[in-house]
Amino acid sequence: MIYFDNSATTKVAPEVLKTYQTVSEKIWGNPSSLHAMGETAFNLLEQSRKQIADLLNVKPHEIFFTSGGTEGDNWVVKGTAIEKRTFGKHLITTAVEHPAITNSMEQLRRLGYDITYLPVDKEGRISIKDLEAAIRPDTILVSIMAVNNEIGTLQPIKEASDVLKKYPKIHFHIDAVQGIGKGIQSAIFNDRVDFVTFSGHKFHAPRGIGFIYAREGRRIAPLMTGGGQEKNQRSGTENLPAIAGMAKALRLLLKDEPANVKQQQTVKETIFDHVSKFKNVTMFTQRNDGFAPHILCFAINGVRGETVVHAFERYNIFISTTSACSSKKQVESSTLAAMKTPDDIATSAIRVSLDADNTVAEAEEFNKVFDKLYAEFSKLN
């Protein structure tokens, strides 16, 4: 089996699974309990928080655990809207965000907030001039993803941060769900970024766990209220086995990050250099430094994306159409629509998404199968 759908989810690492199982079996106390078992659980919770903070060079009290990327995005967007509603009701995002952001924004629009969606160019990237022009006196949040989940575009986070230094009261949020471990931490964690969203299952942790970074001094309203966990910011009994597993997964992810990034880039380029030569192929991901090392998106013109996905599956190769969150619904890629890609080409888009475990040999096998399928589709057309 060749698994090229890592942007949808990654396999839980064996070491992480072992940690999860050990904590489940031996440290099952509630971290909020006063007795010794609760104290042991609490200590592990805070140890995991500190490990994550140290790995990212931030402070432990700036890390808050969530159920994943969707909750994190919802929390920052809606929490900012609630917390800063007396200062303004204008929020800025991009036309190529994950549905967790865009649907949250639209929910706020129905509640009377004003949303600006920044357009993108042919590579799916925003213009800094457009961002500057969109800022108003009542702007309270700018939310931009670090890496596009459909075609891998890197957004100009550093340049956006430079602009927002002139507007210190505006919250600046980065969706880094696809960006962790991809060699761009210095851009994500600059001194102007206020909030960052992460999801564990994108880097070999269990599903249903994630965290946000919230810079010291910045406030958002809690969405989950109850027993007062996470410093009264995110109530609910902590999923300690998954949290400990996620801390382990992050350590493993960042241990050999430069080598892992290079490996993914090499595998991606092996596929790119092959498939881009074909006449009826449209490449959405480009071969330059403006794209993440692990995502490759292209179309075989005239063949629907789901048809290509199932054709590769016959050879035990697993890829996807654009976003896994919309592929089963057969929703056209929001990113490609924002790039003004014609519908007949956008509906043919497929995504190959890699991990450090993927190899050049797998890429070469993918290319061989691609040749066979391209010939089949050419005969049919």
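In which sense do strands S6 and S7 pair, and over how many bridges? Keep that in mind while you click around this predicted model.

Start by selecting residues 195–199, which make up strand S7. Each of the 5 residues of S7 is buried, so the strand is largely enclosed by the rest of the structure. Now show the side chains: Phe195, Thr197 and Ser199 point one way, while Val196 and Phe198 point the other way.

Next, add residues 171–175, strand S6. Here's the answer to the opening question: S6 and S7 run in the parallel sense, with 3 bridges between them. Look for Asp175, which sits opposite Thr197 of S7.

Then bring in residues 210–214, strand S8. S8 pairs with S7 in the antiparallel sense, over 5 bridges. Thr197 is worth a second click, as its bridge partner in S8 is Ile212.

Now centre on Val196. Ignoring neighbours within four places in sequence, its contacts are His173, Ile174, Ala176, Ile188, Phe189, Phe211, Ile212 and Tyr213.

Where does Val196 belong in the wider packing? Val196 is among the residues with the most contacts inside the largest nonpolar core, which has 67 residues. Select the others on that list too: Ile52, Leu56, Phe172, Phe211 and Leu250. Colour helix H8, residues 240–255, as well: H8 gives this core 10 residues, the most of any contributor.

Last stop: pick Val308, Val309, Phe366 and Phe370. These four are included in a second, separate core of 28 residues.

Key
Residues are numbered from 1 along each chain as its sequence is written. This is a predicted model: local features need pLDDT of at least 70, side-chain atom pairs count only at pLDDT 80 or more; totals for chains, interfaces and linings use all residues. Side-chain values use heavy atoms; hydrogens and water are left out. Buried means under 20% relative accessible area, exposed over 50%, partly exposed in between (1.4 Å probe, protein chains only). Helices (H or I, at least four residues) and strands (E, at least two) are DSSP runs, numbered from the N terminus. Two strands pair if DSSP finds at least two bridges between them. A nonpolar core is a set of buried Ala, Val, Leu, Ile, Met, Phe, Trp, Tyr and Cys residues joined through side-chain atoms within 4.5 Å. Contact means heavy atoms within 4.5 Å.
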